[in-house]
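The following exercises are meant to be worked with the sequence and the three-dimensional structure in view. Each task is followed by a solution in steps.

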Amino acid sequence: MFILADVLWGYFFAKHILYLVYFDTAMFFLAMVTSVLLWTRFVAVYLGKERLFSKILIGAGWTISVSVLIAVIVNAFVPIIFYFDSDVNYFPKYGRYVMLAMQVCLFFATAVYTFIVARKTQGEKRSHYKAAGYSGLIMTVFIVLQEAYPLLPLYSIGLLIGTCMIHVFIAEAKKIEYAVELSKIKKRVEREHKVAVNATKKQITFGRIAESLASNYDLVYYVDVKDGSYMGYTTNAAYGHLEISRSGDDFFVDSLKRISKIIYEDDRENVITILNKDYLMKMLENQKKVDARYRMIVDGEPQYTRISFRLSRSKKHFTVAIENVDAEMRRQKDQQKQLNAEKRLARRDELTGIKNKTAYSELEETIQSSIDRKERTLPFAVAVCDVNDLKKVNDTEGHQAGDELIKAAAKMICDTFTHSPVYRIGGDEFVVFLQGDDFNSREELVGRMRVNVMQNNIKKSGPVIAIGISEYDPKNDRRVTDVFEHADNLMYENKKELKAMQ
């Protein structure tokens, strides 16, 4: 089209036919619109329409094309792209340079992007991307030359070379690729046809397959996708008295009618959703198998049931396999309860009944994870407590007296910080994690505890506990252990003070 426009332009120009020269020039710019649209769509499709750059490229192509089209129409009234004088001399205007500059940017950006993609690609595709990139560079160079030499057919030459490069290095390679793929498809079809013929010869009916499946499941349905007609197979008497038909005209309608009678109330909404034909078929199109669990009323009691849907290869029918998994589900729940109980025991201090060092380590990891992810962390403080003279009590009064001292200390700490978890992390060492109300009243609570400790120290009765508390400071504390260590240091200072008073 460009070559024809250039040839005719030269002929009309030589003959000084002004209106035909003008018309041919306008057609040249409209052909330019077509080339930009075709180029951008080709590159976008080849790169993949889902890429952000492809969407931008198509948008830019349309923007340039519409701009050129509008400019050509406006030029007929007000010369903004070009004009001819009475001697048929061609004079470019600023609009022409703007349009060509826009195309230079478009082709150059496309070339750079395809080269970047080529670097990340291996094999034959890499050479294809490179060919598209070089094609864009060629167009960039020739458009720049066209701006400098408006009377030469440089745009047409650049487009011709770029198109030839794409045809040789991409289009022809794609033809070969499609031919190979077609050959593979043909062979696969032949194999499937052979399998189908063998199946027909052996007279394997779905009824036999369904009967075989029914030995592994409690109930199996064979459903026609088109009209919903179905045939059921069962080997379990538990489902026989539930009035589930062995056959019917519409699986979906019949199933929905029985939901209120056979499905546990809390599960009915989910089952209704699954048995929506459009929803189910869409799910089966996207995945080979659709599974769901619900509770079916059997002998007046809810029992866990698993239902599985599979679409056939022909997509003309699907199977529904129903299995009673109540014993399995209840066994899993019992195991989970036992596991949870064991976990709770593993996080409890056997002597005091409060949480132990393992539980505190898990809490520390959770808080640290929030800090590392720079999530908004609620204000918190850590209080470290240490029981004075535990070793002395163990040595002089026995370990039983030492245990009683530890239990009394734990009770005293828990009674003070009533809204905070308390952890025993060592023989005589405790940690309190304060948030919420206890955090807001931390100074009052620590003061109250120190008063009680002071009274015990004077009376020589009851646990004497050193305490240090530190608040988390986001500006200075990078780890939870920083807060703990600061509180621990303050606790040791308090411990020295208490020792000095004895």
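The exercises below concern a predicted model.

**Exercise 1. Determine whether the length of helix 9 agrees with the span expected at 1.5 Å a residue.**

Solution.
1. Helix 9 comprises residues 251-262, which is 12 residues.
2. The expected span is 1.5 Å times one less than the number of residues, so helix 9 should span 16 Å.
3. The C-alpha atoms at its ends are 15 Å apart, which agrees.

**Exercise 2. Describe how the buried and exposed residues of helix 9 are arranged, and identify the residue that caps its N-terminal end.**

Solution.
1. Phe251, Phe252, Asp254, Ser255, Ile259 and Ile262 are the residues to mark as buried.
2. Viewed down the axis of helix 9, these buried residues fall within an arc of 155 degrees, and therefore they line one face of the helix.
3. Lys257 and Lys261 are exposed, on the face turned away from the buried side.
4. The cap at the N-terminal end is aspartate 250, which has a side-chain oxygen 3.1 Å from the backbone nitrogen of phenylalanine 252.

**Exercise 3. Carry out the corresponding analysis for helix 17, and state what covers its buried residues.**

Solution.
1. Helix 17 spans residues 442-459; its 18 residues reach 26 Å from the first C-alpha to the last, close to the 26 Å expected.
2. Its buried residues are Arg442, Leu445, Val446, Met449, Val453, Asn456 and Asn457.
3. Because these residues fall within an arc of 110 degrees when seen down the axis, they line one face of helix 17.
4. In an α-helix there are 3.6 residues a turn, so residues three or four places apart point the same way.
5. The face turned away from the buried side carries the exposed residues Glu443, Glu444, Ile458 and Lys459.
6. The cover over the buried residues includes strand 10, helix 15, strand 12, helix 16, strand 13 and helix 18.
7. After helix 17 comes lysine 460, with a positive phi near 55 degrees.

**Exercise 4. Describe the packing of helix 14 against helix 15.**

Solution.
1. Helix 14 (residues 390-397) and helix 15 (residues 399-416) pack with an angle of about 145 degrees and an axis separation of 7 Å.
2. Helix 14 contributes Leu390, Val393, Asn394 and Glu397, while helix 15 contributes His399, Ala401, Gly402, Leu405 and Ile406.
3. Sorted by class, the contact has five nonpolar residues, three polar residues and one charged residue.

**Exercise 5. Is serine 65 buried or exposed?**

Solution.
1. Serine 65 lies in helix 3 (residues 52-75).
2. Its relative accessible area is 3%; buried means under 20%, so serine 65 is buried.
3. Apart from neighbours within four places in sequence, serine 65 contacts Val33, Val36 and Leu37.

Note on methods. Residues numbered from 1 in each chain as written. Predicted model: local features only at pLDDT ≥ 70, side-chain atom pairs only at ≥ 80, totals over all residues. Heavy atoms only, no water. Axes fitted to C-alpha atoms, helices over the stretch in contact; angles between N-to-C directions. Helix = DSSP H or I, 4+ residues; strand = E, 2+ residues; numbered from the N terminus. Contact = heavy atoms within 4.5 Å. Nonpolar A, V, L, I, M, F, W, Y, C, P; charged D, E, K, R; others polar. Buried < 20%, exposed > 50% of the residue type's maximum accessible area, 1.4 Å probe, protein only. Arc of directions from axis to C-beta. Polar contact = N/O pair within 3.5 Å; in protein donor to acceptor, adjacent residues only side chain to side chain.
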